[in-house]
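This text walks through one structure, starting from a single element and moving outward to the whole chain. Please keep the sequence and the model in view while reading.

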Amino acid sequence: DRTVSDAEHSWHVAMFLILFEKELPNNLDTKRMLKLALMHDLVEIYAGDTFAFDKKNQATKKERELQSAKKLFSQLPEDLDKEFTELFDEYESAKTSEARIVKSFDKIQPILQNLCSEGKSWKKHSITFSDIDKYKRKHMEHNSFILKIYEKLLNDAKKRRLI
């Protein structure tokens, strides 16, 4: 009956990395992925959480999160400021395999949340299968294992008429 917190969301993403570690390519830096998972939404402390399908607030999300990252990380010792900024930038750019894996699980977690809540946020905002797939599929296509998980979950939601 409630929205998942950023902390719960990040914890779930980190748990996916642990649970599926054996299914992921073995050349990945698991410790770095866990850091990325735990850090990826930390900037929402100041920027706030922006709903994926909120076009108005999505337009300013990148700038708000960048300013939040500067404000938040500048409070840390210089070495941690540098590391956290690098992790934030890596996640946002998704140029590394590790960041792409974390971003995939970040996009999968709300699907699971909606499966558990009988599609609560999808129904509340009139989100369709097509809306979700258009927004999320591109984040799954880099890894066949993750793509299978994504397709199974989304198709399960469709079969259950949650979307």
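The model is predicted. A convenient place to begin is helix H8, which spans residues 129–136 and has Ile132, Asp133 and Lys136 as its buried residues. Viewed down the axis of H8, these buried residues fall within an arc of 95°, so they line one face of the helix. An α-helix has 3.6 residues a turn, so residues three or four places apart point the same way. The cover over the buried residues of H8 includes helix H6 (97–116), helix H7 (120–124) and helix H9 (144–159).

Helix H8 belongs to a fold with nine helices and zero strands. Read from the N terminus, the order of elements is α-α-α-α-α-α-α-α-α. The chain has 163 residues, for which a compact globule would have a radius of gyration near 15 Å; the protein has 16 Å, which agrees. Along the principal axes, the C-alpha atoms fill a box of roughly 50 × 40 × 25 Å. Of the 163 residues, 37% are buried. Among contacts with a separation of 6 or more, 68% are between residues 24 or more positions apart.

As for confidence, the mean pLDDT of the protein is 94, and 99% of its residues reach 70 or more. The lowest confidence is in helix H3 (residues 44–47), with a mean of 85, and the highest is in H9, at 98.

Helix H6, already met as part of the cover of H8, also holds two buried polar residues that can be followed outward. Aspartate 106 is in H6. With a relative accessible area of 8%, aspartate 106 is buried, the limit being under 20%. Beyond its neighbours within four places in sequence, aspartate 106 is in contact with His9, Val13, His40, Asp41 and Tyr91. Glutamine 109 lies in H6 as well, and its relative accessible area of 3% makes it buried. Outside the neighbours within four places in sequence, the contacts of glutamine 109 are Val4, His9, His12, Val13 and Phe16. His9 and Val13 thus appear in the contacts of aspartate 106 and in those of glutamine 109. Glutamine 109 and glutamine 58 are 51 residues apart in sequence, and their C-alpha atoms are 19 Å apart in space.

The aromatic residues give another route through the fold. Where rings pair when their centres lie within 6.5 Å, the count comes to seven aromatic pairs. In one of them, the rings of phenylalanine 73 and phenylalanine 88 have centres 6.5 Å apart and planes at 65°, so the pair is edge-to-face. Phenylalanine 73 lies in helix H4 (residues 55–73) and phenylalanine 88 in helix H5 (residues 78–93), so the pair ties together parts that are 15 residues apart in sequence. Both phenylalanine 73 and phenylalanine 88 are buried.

Ring pairs also link Phe16, Phe20, Phe105 and Phe145 into a cluster. Within that cluster, phenylalanine 20 is in the loop between helix H1 (6–19) and helix H2 (30–39), and at 25% relative accessibility it counts as partly exposed. Leaving out the neighbours within four places in sequence, phenylalanine 20 is in contact with Phe105, Phe145 and Ile149. The C-alpha atoms of phenylalanine 20 and phenylalanine 145 are separated by 9.5 Å, although the two residues are 125 residues apart along the chain.

Two further rings lie under charges. The charged end of lysine 71 sits over the ring of tyrosine 46, at 4.1 Å from its centre. The charged end of lysine 103 sits over the ring of tyrosine 91, at 4.4 Å from its centre. Tyr91 is also one of the contacts of aspartate 106.

The last stop is the backbone of the loops on either side of H7. Most residues other than glycine have a negative phi. Which sign does the phi of glutamate 118 have? It is positive, at about 60°, although glutamate 118 is not a glycine. Glutamate 118 lies in the loop between H6 and H7 and is partly exposed, with a relative accessible area of 44%. Serine 126, in the loop between H7 and H8, has a positive phi of about 55° and is likewise not a glycine. At 57% relative accessibility, serine 126 counts as exposed.

Notes: Residues are numbered from 1 along each chain as its sequence is written. This is a predicted model: local features need pLDDT of at least 70, side-chain atom pairs count only at pLDDT 80 or more; totals for chains, interfaces and linings use all residues. Side-chain values use heavy atoms; hydrogens and water are left out. Buried means under 20% relative accessible area, exposed over 50%, partly exposed in between (1.4 Å probe, protein chains only). Helices (H or I, at least four residues) and strands (E, at least two) are DSSP runs, numbered from the N terminus. The arc is that of the directions from the helix axis to the C-beta atoms. Contact means heavy atoms within 4.5 Å. pLDDT is the predictor's confidence in each residue, from 0 to 100. Rings of Phe, Tyr and Trp (its six-membered ring) pair if their centres lie within 6.5 Å; planes under 30 degrees apart count as stacked, over 60 as edge-to-face and the rest as tilted. A charge sits over a ring if NZ of Lys or CZ of Arg is within 6 Å of the ring centre and within 35 degrees of the ring normal. The radius of gyration is taken over C-alpha atoms; the globule rule is 2.2 Å times the number of residues to the power 0.38.
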